[in-house]
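Q: I am new to reading protein structures, and I would like to learn how to look at one feature after another. Could you take me through it slowly?

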Amino acid sequence: MTTEYTTRITEAVVDSFDGTADPRLRELLAALTRHLHAFVREAEPTMTEWEQAIAFLTATGRACTDTRQEFVLLSDVLGISMLVETINSEGRGGRDERDERDEGEGKEERGESEGPDGVTESTVLGPFHMTESPVRELGADIDLVGGGEPCVISGRVLSRDGTALPGAVLDVWQADAEGYYDVQQPDVQPPGNGRGLFTADADGRFWFRTCVPSPYPIPTDGPVGDLLRATSRHPYRPAHIHFIVSAKGHTPVTTHIFVAGSDHLDSDAVFAVKESLVQDFTETDDPSLAQRFGIPNPFRHARFDLVLGPGDSSATDGSERS
């Protein structure tokens, strides 16, 4: 009788959405109901456990501020953010072979950031894309506080067939050398530290200066930290730089570039590492190149291309943010 009754409850709730005007919303609510009810039937939580779950979600909401998104953090550590990103990035078409490209900025090999379909793989947005990145000129230094190892990031934004995408927009953000974002230390870091909104040149090239990022722990002073401690999970992320790249007529990509050799590449707290996104930050001793970039010699240099797949021809390049 209990099983029959609980099944009827599920069916009644699903049926209650039949009048929903938006068919996609109706589909989502019905699927959510079925899966949540199935979880409850399988796990059979006690009333105390149910109340604890409600209290946890309530605390998660209360931890959210204008500069902190605890629900995004929760989605990240449960692997949901990465799952959504991966599902949405599938089906972008087959891989096109491209000729080798030489940017002419040094002797190092440029890295590839592409997945099996020929475009740069996506990964999570993360909880710190909370403020708009300041518009900066190509070559600008986004490390406004110093203290880290000087670094140059350079490459090209390309279409999948190897065509340059002039005017592509790159939204970049990263933690400082100590592993903190500007919004985490408003009394220490100036607003916009570690952030920049860049526009690629006529050849799709981009370059900027920064410091080599370091591994860091996600915030653990809220409900998500309690969850990690209760499950004996560490909070660390490998060193990385965030990008959102967009160009007219192409599908934007939200991604990271991870520092090769960084700690925690094989145990990222938010499950966001993809092999194609791991790039060498090469030790470079080249005074003429350092002078060209306006950076002390020696320095670290990461070179890679960001490749976008075709999209809506009416889509903008994102420059309206500037």
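## Reading the features in turn

A: Asp-226, with a relative accessibility of 44%, counts as partly exposed, and this value, like the others in our conversation, is computed from a predicted model.

Q: Which side chain does Asp-226 meet in a salt bridge?

A: To read a salt bridge, look for a side-chain nitrogen of Lys or Arg within 4 Å of a carboxyl oxygen of Asp or Glu. Here the partner of Asp-226 is Arg-229, with 2.8 Å from N to O, and both residues belong to helix α6, which covers residues 223-230, where they sit three residues apart, about one turn of the helix.

Q: Which residues are joined into one network by salt bridges that share partners?

A: That network consists of Arg-68, Glu-70 and Asp-221.

Q: How many salt bridges does the rule give, and which residue forms one with Arg-24?

A: The count comes to eight salt bridges. Arg-24 pairs with Glu-27, and their closest N and O atoms are 3.0 Å apart; the two residues both lie in helix α2, again three residues apart, about one turn of the helix. Arg-24 has a relative accessible area of 47% and is partly exposed, while Glu-27, at 47% relative accessibility, also counts as partly exposed.

Q: Are Arg-205 and Asp-203 buried or partly exposed?

A: The idea is to compare the relative accessible area with a cut-off, and buried means under 20%. Arg-205, at 19%, therefore counts as buried, whereas Asp-203, at 39%, counts as partly exposed. The side chains of these two residues meet in a salt bridge, with 4.0 Å from N to O.

Q: What should I look for in the backbone, and where is Glu-44 placed?

A: One thing to look for is the sign of phi, and Glu-44 has a positive phi of about 45° although it is not a glycine. Glu-44 is placed in the loop between α2 (23-43) and α3 (47-62), and with a relative accessible area of 62% this residue is exposed. His-264, another residue other than glycine, has a positive phi near 75°, and it lies in the loop between β9 (253-259) and β10 (278-279). At 22% relative accessibility, His-264 counts as partly exposed.

Q: Is the peptide bond from Asn-297 to Pro-298 cis or trans?

A: Here the angle to read is omega, and the bond from Asn-297 to Pro-298 is cis, with omega near -5°. Pro-298 is found in the loop between α7 (287-293) and β12 (299-308).

Q: How many cavities of 30 Å³ or more does a search of the whole structure find, and which residues line the largest cavity?

A: A cavity is read first by its volume and then by the residues around it, and the search finds two cavities of 30 Å³ or more. The largest cavity holds about 70 Å³ of space, and its lining residues include Leu-73, Asp-76, Phe-128, Tyr-181, Arg-237 and His-242. Sorted by class, this lining has eight nonpolar, two polar and two charged residues.

Q: What volume does the second largest cavity have, and which classes make up its lining?

A: The second largest cavity has a volume of about 30 Å³, and among the residues that line it are Asp-143, Gln-174, Asn-193 and Cys-211. Its lining has two nonpolar, four polar and two charged residues.

Technical notes: Residues are numbered from 1 along each chain as its sequence is written. This is a predicted model: local features need pLDDT of at least 70, side-chain atom pairs count only at pLDDT 80 or more; totals for chains, interfaces and linings use all residues. Side-chain values use heavy atoms; hydrogens and water are left out. On a 1 Å grid over the protein atoms alone, a cavity is a set of points where a 1.4 Å probe fits but cannot get out, and a pocket is an open set with protein on both sides within 12 Å along at least five of seven lines; lining residues have an atom within 4 Å of a point. Grid points are joined across faces, edges and corners, and a volume is the space filled by probe spheres set on the points. Ala, Val, Leu, Ile, Met, Phe, Trp, Tyr, Cys and Pro count as nonpolar, Asp, Glu, Lys and Arg as charged, and the others, Gly among them, as polar. Helices (H or I, at least four residues) and strands (E, at least two) are DSSP runs, numbered from the N terminus. Buried means under 20% relative accessible area, exposed over 50%, partly exposed in between (1.4 Å probe, protein chains only).
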